Amino acid sequence: MNILMVASECEPFIKSGGLADVVGTLPRYLKRLGIDVRVIIPKYQAIDGRKYNLETLPYKLTVKVGADTESFRLKTYTTDDGVIVYFIESMRYFNRPGIYGINGVDYPDNMQRFIFFCKAVLESVKALMFRPDIIHCHDWQTGLIPAYLKTVLKDDGFFWSTSSAYTIHNIAYQGQYPANAVEVGGFSWADFVPEKLEFYNHVNFMKCGICLADAVSTVSPTYAKEIREFNGRGMEIVLNSRRDHIYGILNGLDYDYWNPAKDKNIAANYDKADPSGKKLCKVELQKICGFDIDPDAFLLGCVSRLDGQKGFDIIVDAMYLLDDKNIQFVVLGSGDPTIKRYLTEAKNKYPKTVAAFFDYNESLAHKIYAGSDLYMMPSKFEPCGLSQMIALTYGTPPLVNNTGGLADTVKYYVDETKTGNGFVFNITYGENFTQTILKAEAVFKNKKQWESLMNNAFDSKFSWEKSVLEYEDMYQELIDNKKIEVATR
Ligand code: ADP
């Protein structure tokens, strides 16, 4: 089996969110199953060619974007795990400071940039003579690849045995552009129909992926159901038309990296067998925040993009509503300036119980996961979510809204049965975040109950070993179907 992963981000080369984690980690696990898996991403300016000693391959390739002929080069790198990564180098489209834009504003030619990328990927596999069984595309930036395979390239013998899979990491970002994307992309107007390219008189790259890939997956079973039913951002009907081909496969966490027993960023190491170091981590965090060093204060943490999705409105409400309790709040995040302003106001009003840090800070993130008692994640929607998984493995029970991947990974703690690993409330049913914090605080005050809950948190593992087998099954089904299709051609 050979697989080509196509994405706009991949750890450790370039990352803006969870997509990069998946594209960086999944190939490593597929490789361990003996699968020939390769990755292809753009060569952004931020990717340091010298650091990775990228090799330039001897091809001079071109593709058409509208009337322009764009030339590009291929660079390559092999990871320690033996995964070959290709980089598409285009001075015009990717040699810029940002991935998708600059200072929070998208580049005006993102349509051309990712049309170029999709075409360049398909041209590259031919040059490389690498005929993938599956081209696995991720998110809107790659949504046109399944479209090319089903339209412009449908009679191209090179791709006769190639199927496509398409993974949705966040349906909120769809890549929707005016109808002239048909011409710029080199498609035929005959394919500008609802079953293929057309979406409300536009070309929506994500919709192309959903409609035209041979299989569609998303990053948790509950999100797979929600986006078909009510959370699909206008894509519900399209998704329902593919309901028999949609998989929900939970992301795993990299437990080699996220491990409180070995973490060098935290004040003391600990694990389930000896969690005493966690108390020192709490002291360190309280110091960093300027809070009273008080083991009985209930310390709530959050590390997140500052985005409306993440429920900061109710986090800020809780800061005001619970000001008479022995509760401390710490938030680390960057993003939306309005959310930043609300958090700053709360912090200025309650400097002894509210702390907020506004940068991307990996080391502080680890300290918050380890030093907090409870992790707050009241997301309005959450395709999968890694933060709650990280918190769990640091013995920090999460408090989450019952949505997407949060619903799949966090269960309400019930002391009678000693089951559950956190606290769950349901925004849709009008359940209240602040009240749920108070319920969690009551458990926190009972040392035995909290210990039992923490043990369940430590035991909650979401490994890639399991998820990778589900991807393998999906690929195998596509390969089997393709064999039947080719045989009956
Ligand atoms: P999303 O992909 O929607 O941003 P996830 O929970 O899936 O949310 O993943 C977020 C990842 O980014 C986590 O590893 C989290 O620790 C990290 N992260 C988010 N914001 C920051 C920040 N300001 N500093 C350090 N790490 C951050």
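Modeller: A residue counts as buried when its relative accessible area is under 20%, as exposed when it is over 50%, and as partly exposed in between. Keep in mind that this model is predicted.

Biologist: Is D139 buried or exposed, and how do you know?

Modeller: Its relative accessible area is 9%. That falls under the 20% cut-off, so D139 is called buried. You'll find D139 in the loop between β9 (134–138) and α4 (144–150).

Biologist: And what makes the backbone of D139 worth a look?

Modeller: Its phi is positive, about 60°, although D139 is not a glycine. R233 is another non-glycine with a positive phi, about 50°, and R233 sits in the loop between α7 (221–229) and α8 (236–241).

Biologist: Which accessibility class does R233 get, and why?

Modeller: R233 has 45% relative accessibility. That lies between 20% and 50%, so R233 is partly exposed.

Biologist: What about the peptide bond between E11 and P12: cis or trans?

Modeller: Cis, with omega at about 0°. P12 belongs to the loop between β1 (2–6) and α1 (18–32).

Biologist: On to the ligand. Why does the pair of R305 and the ligand count as a polar contact?

Modeller: An N or O atom in the R305 side chain is 2.8 Å from an oxygen atom of the ligand. The limit is 3.5 Å, so the pair qualifies. A polar side-chain atom of Y369 does too, at 2.7 Å from a ligand oxygen, and so does a backbone N or O atom of G18, at 3.1 Å. On its own the ligand has 570 Å² of accessible area, and the protein covers 92% of that.

Biologist: Which residues come nearest the ligand?

Modeller: Out of 19 around it, R305, K310, D359, Y369 and L386 come nearest. By class, the shell has eight nonpolar, seven polar and four charged residues. At least two shell residues come from each of β16 (298–306), β17 (327–335), α12 (362–371) and α13 (387–393).

Biologist: What makes up the lining of the second largest pocket?

Modeller: There are 23 lining residues, with K279, F444, K447, W450 and M454 nearest the centre. Two or more lining residues come from each of α9 (277–289), α15 (433–445) and α16 (447–459), and α16 gives the most, six. The space inside is about 640 Å³.

Biologist: Why would K279 be called charged and F444 nonpolar?

Modeller: Lys is in the charged group and Phe in the nonpolar one, so the labels follow. Across the lining, nine residues are charged, eight nonpolar and six polar.

How values were computed: Residues numbered from 1 in each chain as written. Predicted model: local features only at pLDDT ≥ 70, side-chain atom pairs only at ≥ 80, totals over all residues. Heavy atoms only, no water. 1 Å grid on protein atoms, 1.4 Å probe; cavity = no way out; pocket = protein on both sides within 12 Å on 5 of 7 lines; lining within 4 Å. Points joined across faces, edges and corners; volume = space filled by probe spheres on them. Helix = DSSP H or I, 4+ residues; strand = E, 2+ residues; numbered from the N terminus. Buried < 20%, exposed > 50% of the residue type's maximum accessible area, 1.4 Å probe, protein only. Near = heavy atom within 4 Å. Polar contact = N/O pair within 3.5 Å; in protein donor to acceptor, adjacent residues only side chain to side chain. Areas by Shrake-Rupley, 256 points an atom, 1.4 Å probe, with all protein chains shown as cover.
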